[in-house]
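Visitor: Could you walk me through this structure, please? I would like to start with the chain as a whole and then look at details.

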Amino acid sequence: MTCSIDEIVAIVGRSNPGSDTSMLHEAYDFAAKAHEGQMRLSGEPFLVHPVEVAGILADLHLDPATVTAGLLHDVVEDSHVSLKEIRERFGEEVAALVDGVTKLGKIKLDSMAEQQSQNMRKMLLAMAKDIRVILIKLADRLHNMRTLDFLPAEKQREKAIETMEIYAPLAHRLGISSIKWELEDLAMSYLDPRKYEQIRKMVAESRDARQKYLETVIGTLTEELAAVGVSADITGRPKHFYSIYQKMSQKGKDFNEIYDLIALRVIVDSVKDCYGALGTVHSIWKPMPGRFKDYVAMPKFNMYQSLHTTVIGPAGRPLEIQIRTEEMHRTAEYGIAAHWRYKEGGHSDESFEERLAWLRQMLEWQTELKDPREFMEALKIDLFEDEVFVFTPKGDVVSLRKGSTPIDFAYAIHTEVGNRCVGAKVNGAIVPLNHELQMGDRVDILTSKTGAPSRDWLAIVKTSSARSKIRTHFSKVTREDDLSRGKDELQKIVRKHGLSIGSSVGARALRSIAEEMNFTASEDLLAAIGAGKVSAKMVVGRLIKLLSVTPEGAKTAEPEPVGLLPTMPMMPPRSARRKSQTGVRVKGVDDLLVRLAHCCNPVPGDPIVGFVTRGRGVSVHRADCPNARDLLKTPERIIEVEWDAATSTTYQVEIVIEARDRTRLLHEITAVLAEAGVNVLSANVAIDRQGIAQMRFLFELGNMEQLNPVLVRVRAIDGVFDAQRMMPVASGSRRRGSKQ
């Protein structure tokens, strides 16, 4: 145990003078008793974890209630203790924090879009209620990442991805750089251990030379600042491996070209001294063009403030320097935690409220995003976004995502300004609405009472809030049209089956189907049909099944195959029957048309199941295919199938590869596939904002035995995290990889 309860109490006492810290010892004893006999995978007592979490919170200078909740954050979930008992022993405030973290502790983020989306919505709501909940969760995640070695490799990777995609960006959004950097470095060490170790060794090897260089420049700068009356604390800035890695991989820089390997941090007494120190720095060393940033006058979205400049230092080596006050430094290190005590004491802290503005904004539009994948994508974009500062005609600063357009700006001002936007001026000149705004632009939006959004804007805007507001507008405008269109389309088909949705029986059946499909009302289902989101034939099929009506008397319309067919299997027409060339044999029948389902692409060796379709023979699925599970609901359509060992043919397999993007990566992967003798049919490559590439390849092979050697060779390529065969998914769902 690296942190003791006495040390924690001492830190909390220094950070919160005059506060009551007595409940910290009581919480420690309570947690020790609750977790008695429980062990971590490392072999340590479970109590080590909550104590370390409390220590991290204490280092963030948080209040006694938050640190107490850190000590108790696992007792409700992992012991017999109830929330009521916590409330009685430690009060409502601590109980509310423990309750919030307990709910978040049950979150199991995975790539299932619906589950992940709902879990993240819960997290946002918990943060809005009390931001300290997420601070405890971040501390919990940080200690878990520090001890990740004891988990299986697959879990390590899962937690590392989750940390890189969600928790590190959250820490960044809240301005807590002390946690953000460590989370990123730890996650990188598991996602790309070879590159991490390479950078760590390079940093260690150059440490002595850098230290001597820094001692020289610190001595020079200290003397010059003292000569002009500026008191300063000058130190070398710590190096973060993930930051170095990003600059090397994304910007194609060599290790020796990374400027911030040699960096200074100058802490002064006042804002005036910040600019005075900057002038002194530029009088000693020549500044590099385009490398100065003033985050004091224009703070970042997370209220980070500092002056950044890069100069040509002694021996012609680039030297990065950050200049800030002590208060700015505290905010940069501890973020929102540094402001919590102001709010706690009831004092007004404008920057605290500004820091939460993005959270309130997300909560406004997240309720409008019904598609879980869309919500998660928008959330990740907002968490990772780079900023550009632009000005209103009155000189007010507006922070937007980099690459934003005048439309994004208009919606950031007000929803109605965006809806009525017909044009824009940037720096006094008319520009097109897809114009990319630059740092410092002055933007004037031209509006009209008859103006209205265009659907084309959805492809132009960059911010999630603007996109959400545009979609909300069209959803309101088009709902009535969709409702009318959907009703007409459904009625047209049901009449052919002698049914009516206008009758009381039909209306009740339609309401029941709407509820089954998670629609609030039957009108919502009809609108979805009109918008093309739901198949009218599928709804008719459900109506037929619900009303116990078979489609034998149908005139022309044919219902969907799943769950809507007669009780006896309908064999394919005689004219369509032929011997299968797919390598699959139907037990007991020799002349059936057989086809392999494209949703799961089964290959020899996969467990398979056959399904008799209407007019298209037997469709063969992998047994673990979600679509196959749906088909099993109609057992009368299932037919036994097996692989025919005597048949020689080829099969299509789709794999997904995740890797850190770099030059020649695609070339090396395709070379491996070519050497393996597989015939690549298609390829798709996507690279996210963090430089992680996801590649999908569809190729042909003769049997399953060929696949594993291909995957092993691909995984051995430098920078490749994993290569997997695609997991079959239900229609309309997003695919994900599955280890074979």
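Visitor: Thanks! What share of the contacts with a separation of 6 or more comes from residues 24 or more positions apart?

Guide: Happy to help. A contact here means heavy atoms within 4.5 Å. Among the contacts in the protein chain with a separation of 6 or more, the share from residues 24 or more positions apart is 65%.

Visitor: What should I know about how the values were obtained?

Guide: This is a predicted model, where local features need pLDDT of at least 70 and side-chain atom pairs count only at pLDDT 80 or more, while totals for chains, interfaces and linings use all residues. Side-chain values use heavy atoms, with hydrogens and water left out, and residues are numbered from 1 along each chain as its sequence is written.

Visitor: How many helices and strands does the protein chain have?

Guide: Both are DSSP runs numbered from the N terminus: helices are H or I with at least four residues, strands are E with at least two. By that rule, the protein chain comes to 29 helices and 22 strands.

Visitor: What percentage of the 740 residues is buried?

Guide: Buried means under 20% relative accessible area, exposed over 50%, and partly exposed in between, using a 1.4 Å probe and protein chains only. Under that cut-off, the buried part of the 740 residues is 49%.

Visitor: Is Thr-66 buried or exposed?

Guide: Thr-66 lies in helix 4, residues 64-72. Leaving out residues up to four places away in sequence, Thr-66 touches Leu-57, Leu-97, Arg-132 and Ile-136. Because its relative accessibility is 0%, Thr-66 counts as buried.

Visitor: Which strands are at the edges of the open sheet of 4 strands?

Guide: Two strands pair if DSSP finds at least two bridges between them. The sheet has mixed pairing and the order 13-15-14-16. Pairing on one side only marks the edge strands: strand 13 (594-596) and strand 16 (638-639).

Visitor: In which sense do strand 14 and strand 15 pair?

Guide: Strand 13 and strand 15 pair in the parallel sense over 3 bridges, with Arg-595 opposite Ser-619. For strand 14 and strand 15, Ile-608 stands opposite Arg-622. There are 5 bridges between strand 14 and strand 15, and the sense is antiparallel.

Visitor: Why is strand 15 described as largely enclosed by the rest of the structure?

Guide: Val-618, Val-620 and Arg-622 point one way from strand 15, Ser-619 and His-621 point the other way, and all are buried. Strand 15 (residues 618-622) is therefore largely enclosed, its buried count being 5 of the 5 residues.
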